[in-house]
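User: Please take a close look at a single part of this model and describe its surroundings in one connected account.

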Amino acid sequence: MSDPLTQILALMRPSASFSKLVTGTGRWAVRPPAHGPFYAALLQGSVLLSIDGERPERLDAGDFVLLPDGAAFAVTSIEPPAPGRDDTPAEVAPGIFHLGPPSAPDTRMLVGYCHFGSADSALLLSLLAGTVIVRGERRLTQLVELLSEEAGAVRPGRDVVLTRLLEVLLLEAFRAQKGPAPAPGLLRGLADPRLAVALRLIHAHPADAWTVALLARQAGLSRSSFFERFRREVGTAPMDYLLSWRMALARDMLLDGGVSVGDAARQVGYSSSSTFSTAFARAIGMSPKAYARAARA
């Protein structure tokens, strides 16, 4: 049966923007520009991560952080810097940047940004968790090191390797979360054995004529219990989730081209092009044909 998390990450079309090594000495503070989804692996020392609107988090060597929604944030030394301080990293070697006084670093971290090529990336991200912090998982640090090494090299097939490494990194990050339960979304839904059955069926067979009652039966729950449990854990009603997934698949087909509106309609469970076009326009804000033309342009 299809794995929902893998499907969503593939549809997001991740690609690596850039990756670099950042070192720090003493007291410093930096507020990186909003370049999109951000990830970092701490190799040495400790830092304080402050995401706007959230309490600061201490990160130590071996920790990994992923900010998939491109939220504004600041990173500072553990020793408190002056309030309002914002340093500019100095490039000391190709791909290596330093913060603080020019002396032996007490902090080293690999950082990078990625880009999601899907027009549905905001919708797809809303199905996942927000900030991801994973502590002491060496596999994630190794993946970031491989990604950084590949990004700085000029080798045949570099772009394909970067994309695959990034997909694996994101997959490992989302499934390696420990501690408090993530916010409502796909990950919490998949952690519930009953709801996981329904979610995997939706992802494996999006064109089937699913109803709340039928999904509830497959999950071994009453209709009302299933509906409330799904909405609480996934953060949306079952039929709304199904619609979002169908529209994400349809947009991906139309974005690639070579698929007619009628074919797209059938593949996501609509008996006629007109019914599909009405649902698509209501969800996306334009007709499938207009969307396909805009995508080609």
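Analyst: In this predicted model, the lining of the second largest pocket draws its largest share, four residues, from strand 3, which spans residues 38–44. Strand 3 is one of several contributors, since strand 1, strand 4 (46–51), strand 7 (73–77) and strand 10 are also listed as each supplying at least two residues of that lining. The second largest pocket has a volume of about 270 Å³, and its lining comprises 23 residues, with Val22, Val30, Pro32, Phe38 and Val111 lying nearest the centre. By class, the lining divides into 20 nonpolar residues, one polar residue and two charged residues.

The strand pairing adds a second layer to this picture. Strand 10, which covers residues 107–116, is mostly covered, with eight of its 10 residues buried, where buried stands for under 20% relative accessible area. Strand 3 pairs with strand 10 in the antiparallel sense over six bridges, and within this pairing tyrosine 39 has glycine 112 of strand 10 as its bridge partner. Strand 1, made up of residues 14–24, also runs antiparallel to strand 10 and is joined to it by 10 bridges; here glycine 24 stands opposite threonine 107 of strand 10. Strand 10 is thus paired with strand 1 and with strand 3, and these three strands are among those that each supply at least two residues of the lining of the second largest pocket.

Key. Residues are numbered from 1 along each chain as its sequence is written. This is a predicted model: local features need pLDDT of at least 70, side-chain atom pairs count only at pLDDT 80 or more; totals for chains, interfaces and linings use all residues. Side-chain values use heavy atoms; hydrogens and water are left out. Buried means under 20% relative accessible area, exposed over 50%, partly exposed in between (1.4 Å probe, protein chains only). Two strands pair if DSSP finds at least two bridges between them. On a 1 Å grid over the protein atoms alone, a cavity is a set of points where a 1.4 Å probe fits but cannot get out, and a pocket is an open set with protein on both sides within 12 Å along at least five of seven lines; lining residues have an atom within 4 Å of a point. Grid points are joined across faces, edges and corners, and a volume is the space filled by probe spheres set on the points. Ala, Val, Leu, Ile, Met, Phe, Trp, Tyr, Cys and Pro count as nonpolar, Asp, Glu, Lys and Arg as charged, and the others, Gly among them, as polar.
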